[in-house]
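Colleague: I would like to learn how to read a model of this kind, feature by feature. Could we take the general idea each time and then look at the case in front of us?

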Amino acid sequence: MQDCKQSQEFSAAVEESIRKRFHRQLFSKFAKGIVQYNLLSPGDKVAVCISGGKDSMVMAKLFQELRRHNKFEFELVFLVMDPGYNEANRNKIVRNAQLLNVPIQIFDTDIFSNVVHIEKSPCYICARMRRGHLYSKAKELGCNKIALGHHYDDVIETIVMGMLYGAQIQTMMPKLKSTNFEGMELIRPMYLVREKDIMAWRDYNSLEFLQCACKFTHDNAVVNDTESSSKRKKVKELIAMLAKSDPEIEQNIFKSVENVNLSTVIAYKDKGGIRHNFVEEYE
């Protein structure tokens, strides 16, 4: 009984910090992103996908806060997929959910065991399998949307990574319609929230979340600093270095994909995937 009371008091304090101390940095930007990109509609049932990290857990709390104030009804399911976590990591997710008063639903998969013997791009395949399981479970539960916790910094890092390593201009979209699950949509409501503000909220409340729960990392079956994570780390460091001398760098990277002028690019692909070159119109 005492533990339950302490948990309720702690959860209340965390929610208070979102309403007051971090309202502008977290809740306002969360709500702005939802309105700006039209991520929610009346009657939506959203599967809030929780990995156990800081981003998805604060997203869950922000959704709870939004539901208290929103002008229309929508439903939330706090969904945790266990791809094969060790006991300590699973227990940490459960404990944090209890502390934060987030009523999670856990479902088990065998993703880790299925990809353990894959040598080429196991992380990419694991991510695709996770996404597929989340869509499938969300649809089974009657949801029409799944929400992922990608934030502003993920977006700008993806833009730069696409240019430097993918030779293309692209970004992580705020919402996407599923091509494999009819009627399902992926949304990213943390699109405008900065990672430093999430970390400040975490530290202010003395919270500890999972950093990396990958079974292969812990079992040394896959090197922690994989090629893709190494590239993202380099890009993160590059952006941080540039931002020290010019604080507008991060904002400019974000806005660069909002201000694309097709008359000033050499070539582009239309929605049908057909490639167009500036020479076509020039001549």
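Colleague: Let me begin with a single residue: which residues does Ser-178 touch, not counting residues up to four places away in sequence?

Modeller: Please keep in mind throughout that this is a predicted model. A contact is read from heavy atoms within 4.5 Å, and by that reading Ser-178 touches Tyr-135, Met-184 and Glu-185. Ser-178 itself is found in the loop between strand 5 (175-177) and strand 6 (185-187), and its side chain reaches the backbone nitrogen of Asn-180 at 3.3 Å.

Colleague: Is Ser-178 buried or exposed?

Modeller: The cut-off for buried is under 20% relative accessible area. Ser-178 has 16% relative accessibility, and therefore counts as buried.

Colleague: Where is Tyr-135, and which residues does Tyr-135 touch, leaving out those up to four places away in sequence?

Modeller: Tyr-135 is placed in helix 6 (residues 122-140), and, at 7% relative accessibility, it counts as buried. The residues that Tyr-135 touches are Ile-146, Ser-178, Phe-181, Met-184, Glu-185 and Leu-186, with residues up to four places away in sequence not counted. For Tyr-135 and Glu-185 one can set the two kinds of distance side by side: they are 50 residues apart in sequence, and 8.8 Å apart in space from C-alpha to C-alpha.

Colleague: How would I read a salt bridge, and with which residue does Glu-185 form one?

Modeller: One looks for a side-chain nitrogen of Lys or Arg within 4 Å of a carboxyl oxygen of Asp or Glu. The side chains of Glu-185 and Lys-145 meet in such a salt bridge, at 4.0 Å from N to O. This pair links distant parts of the chain, with Glu-185 in strand 6 and Lys-145 in strand 4 (residues 145-147), 40 residues apart. As for the surroundings of the two partners, Glu-185 is buried, with a relative accessible area of 16%, and Lys-145 counts as buried at 4% relative accessibility.

Colleague: How many salt bridges does the count come to by this rule, and which elements hold Lys-236 and Glu-195?

Modeller: The count comes to 20 salt bridges. One of them is formed by Lys-236 with Glu-195, whose closest N and O atoms are 2.9 Å apart. Lys-236 lies in helix 10 (residues 227-245) and Glu-195 in helix 8 (residues 195-204), so this salt bridge ties together parts that are 41 residues apart in sequence. Lys-236 is partly exposed, with a relative accessible area of 35%, whereas Glu-195, at 15% relative accessibility, counts as buried. Elsewhere, salt bridges that share partners join Glu-15, Glu-16, Arg-19, Lys-20, Lys-61, Glu-65 and Arg-68 into one network.

Colleague: Taking Lys-20 and Glu-16 from that network, what is the N to O distance between their side chains?

Modeller: Those two side chains meet in a salt bridge at 2.8 Å, N to O. Lys-20 counts as exposed at 62% relative accessibility, and Glu-16 counts as partly exposed at 32%.

Colleague: Turning to helix packing, at what angle do the axes of helix 2 (residues 23-36) and helix 8 cross?

Modeller: The general approach is to compare the directions of the two axes and then to ask which residues make the contact. Here the axes of helix 2 and helix 8 come within 9 Å and cross at roughly 125°, and the two helices are therefore oblique to each other. Their crossing is left-handed. The contact is made by Gln-25, Leu-26 and Lys-29 of helix 2 and Asp-197, Ile-198 and Trp-201 of helix 8.

Colleague: What does the side chain of Asn-205 reach?

Modeller: The side chain of Asn-205 makes a polar contact with the side chain of Ser-17 at 3.2 Å, and one of its polar atoms lies 3.0 Å from the backbone oxygen of Trp-201. Asn-205 has its place in the loop between helix 8 and helix 9 (215-219), and it is buried, with a relative accessible area of 9%. Leaving aside neighbours within four places in sequence, Asn-205 is in contact with Phe-10, Ala-13, Val-14 and Ser-17.

Colleague: Finally, how many helices and strands are there in the protein chain?

Modeller: The protein chain has 12 helices and eight strands, and 43% of its 283 residues count as buried. Among its contacts between residues at least 6 apart in sequence, 75% join residues at least 24 apart.

Definitions and conventions
Residues are numbered from 1 along each chain as its sequence is written. This is a predicted model: local features need pLDDT of at least 70, side-chain atom pairs count only at pLDDT 80 or more; totals for chains, interfaces and linings use all residues. Side-chain values use heavy atoms; hydrogens and water are left out. Buried means under 20% relative accessible area, exposed over 50%, partly exposed in between (1.4 Å probe, protein chains only). A polar contact is a pair of N or O atoms within 3.5 Å; within protein, one must be able to donate a hydrogen and the other to accept it, and residues adjacent in sequence count only if both atoms are side-chain atoms. Axes are lines fitted to C-alpha atoms, for helices over the stretch in contact, and angles run from 0 to 180 degrees between N-to-C directions. Angles under 35 degrees count as roughly parallel, over 145 as roughly antiparallel, 65 to 115 as roughly perpendicular and the rest as oblique. A crossing is left-handed if the near helix is turned anticlockwise from the far one by less than a right angle, and right-handed if clockwise.
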